[in-house]
Amino acid sequence: MRLLIAGANGQLGREISRLTSHHTLLAADSSRMDITDADAVKRAVLAFRPDAVINAAAYRFVDRAESEPGAAFSVNRDGAANLAGACHAAGIPLIHLSTDCVFDGSKQSAYSTYDATGPLGVYGASKLAGEQAVRSLCERHLILRTSWVFSPHGSNFVKKILELSCTQEELRVVNDQRGCPTCAGELASGILHALESGVEAWGTYHFCQPSPTTWHAFAGAIVAEAGRQDWPLRSVRILQVSARELGLPAKRPANSVLDCTDFETTFCYTIPAWSASLDTVIRDLRGASRVI
Ligand SMILES: NC(=O)c1ccc[n+]([C@@H]2O[C@H](COP(=O)([O-])OP(=O)(O)OC[C@H]3O[C@@H](n4cnc5c(N)ncnc54)[C@H](OP(=O)(O)O)[C@@H]3O)[C@@H](O)[C@H]2O)c1
């Protein structure tokens, strides 16, 4: 298969590139293909002639988006629209990533793809607008909503907690938001499985790793695993705080657990638990000395 990846230098983009040596790949970072440039996107699709495009590009600064809505909508809505238009013109599918932040978090159980959306902030609104653009412009699409992505690359919660645990004695972590951590490598495997399955069941799906947790409990799991792997941590205390106490600029859903049953049954795939992925990512980081 010939695959074009937009946003190839991000967490997901790098993992897809790592897992696709058996395919012909154009891994386009933002300098090679800026998805907000409609002509650049068309040119790349026409020149490379992919069998499918994966959009791993995003404006992902949830807090900064509150004061930069133009930048967030430009990448997350207009960039997605440019890719969807080019894919439709070429008659190829677009795999597009979205977020748990399209929900308002008021539901008590896991969100299915049939639940009403209601983003609380600019980032979620811009991603929701991107979903709508993809649906209206490119019939052959897979929209995958995911959550709490971590990997050995880029910036993410796992790396932040490890970094702070090596330098500080006390961390304050939110305990009133529930969700599912998702390793970029597992997300990439799921995407490739769906593409390679040949199942043409276009539409919107959820993809995250079981089981649901809070940011506070996730931080505890990260520190515990790093301890088992002999990281030189300080004896860090992880204090529970509410999102309100932390006072970040963007509101986030209190519950953003995603029900992934549709993805698993449609593509005959079992998404593994995040705990095993966490062990691997922490081991990779230690091996590469990426955090300390
Ligand atoms: N990370 C999470 O916790 C999370 C949670 C839910 C959903 N998601 C979704 O999952 C997907 C993958 O996320 P991720 O964590 O891999 O993101 P990431 O690590 O932030 O990577 C995003 C990539 O997009 C690139 N990009 C930004 N603007 C671009 C543009 N105009 N043209 C081309 N590329 C551009 C960035 O490149 P530069 O660095 O060069 O700007 C960056 O490499 C995104 O759709 C995101 O919204 C992520």
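**View 1. Helices α7 and α10 pack at an angle of about 50° in this predicted model.** Here α7 covers residues 215–228 and α10 covers residues 274–288, and their axes sit 10 Å apart. Angles between 35 and 65 degrees fall outside both the roughly parallel and the roughly perpendicular ranges, so α7 counts as oblique to α10. The crossing itself is right-handed. On the α7 side, look for Ala-221, Ile-222, Glu-225 and Ala-226; they meet Ser-275, Leu-278, Asp-279 and Ile-282 of α10. Sorted by type, the residues of this contact come out as five nonpolar, one polar and two charged. As for the spacing of such positions, an α-helix has 3.6 residues a turn, so residues three or four places apart point the same way.

**View 2. Helix α5 and what covers it.** This helix runs over residues 157–165. Its buried residues are Val-158, Lys-159, Ile-161, Leu-162, Leu-164 and Ser-165. What lies over them? The cover includes β6, β7 (170–174), α7 and α10, so both helices of the first view turn up again here.

**View 3. The surroundings of the ligand.** There are 29 residues around the ligand, and Gly-7, Gly-10, Ala-57, Ala-58 and Leu-97 come nearest. Three elements give two or more residues each to this shell: α1 (11–19), α3 (69–90) and β4 (94–99). Which of them gives the largest share? That's α1, with three residues. By type, the shell splits into 12 nonpolar, 12 polar and five charged residues.

**View 4. The buried side of helix α1.** Zoom in on α1 and you'll find Gln-11, Leu-12, Gly-13, Arg-14, Glu-15 and Ile-16 buried. What do these residues pack against? Among the strands, their partners are β1 (2–6), β2 (24–28), β3 (52–55), β4 and β6 (149–150). Helix α6 (184–197) is a partner too. Strand β4 also gives residues to the shell around the ligand.

**View 5. Arg-178 and its contacts.** Arg-178 is part of the short stretch 178–179 that makes up strand β8. Is Arg-178 buried or partly exposed? It counts as partly exposed, because it has 17 C-beta neighbours inside 10 Å. Leaving out residues up to four places away in sequence, Arg-178 touches Pro-212, Thr-213, Thr-214, Asn-255 and Val-257. Ala-110 is 68 residues away from Arg-178 along the chain, yet their C-alpha atoms are separated by 10.0 Å.

Key
Residues numbered from 1 in each chain as written. Predicted model: local features only at pLDDT ≥ 70, side-chain atom pairs only at ≥ 80, totals over all residues. Near = placed C-beta within 6 Å. Helix = DSSP H or I, 4+ residues; strand = E, 2+ residues; numbered from the N terminus. Nonpolar A, V, L, I, M, F, W, Y, C, P; charged D, E, K, R; others polar. Buried ≥ 20, exposed ≤ 12 C-beta atoms within 10 Å, placed from the backbone. Contact = placed C-beta atoms within 7 Å. Axes fitted to C-alpha atoms, helices over the stretch in contact; angles between N-to-C directions. Parallel < 35°, antiparallel > 145°, perpendicular 65-115°, else oblique. Left-handed = near helix turned anticlockwise from the far one by under 90°.
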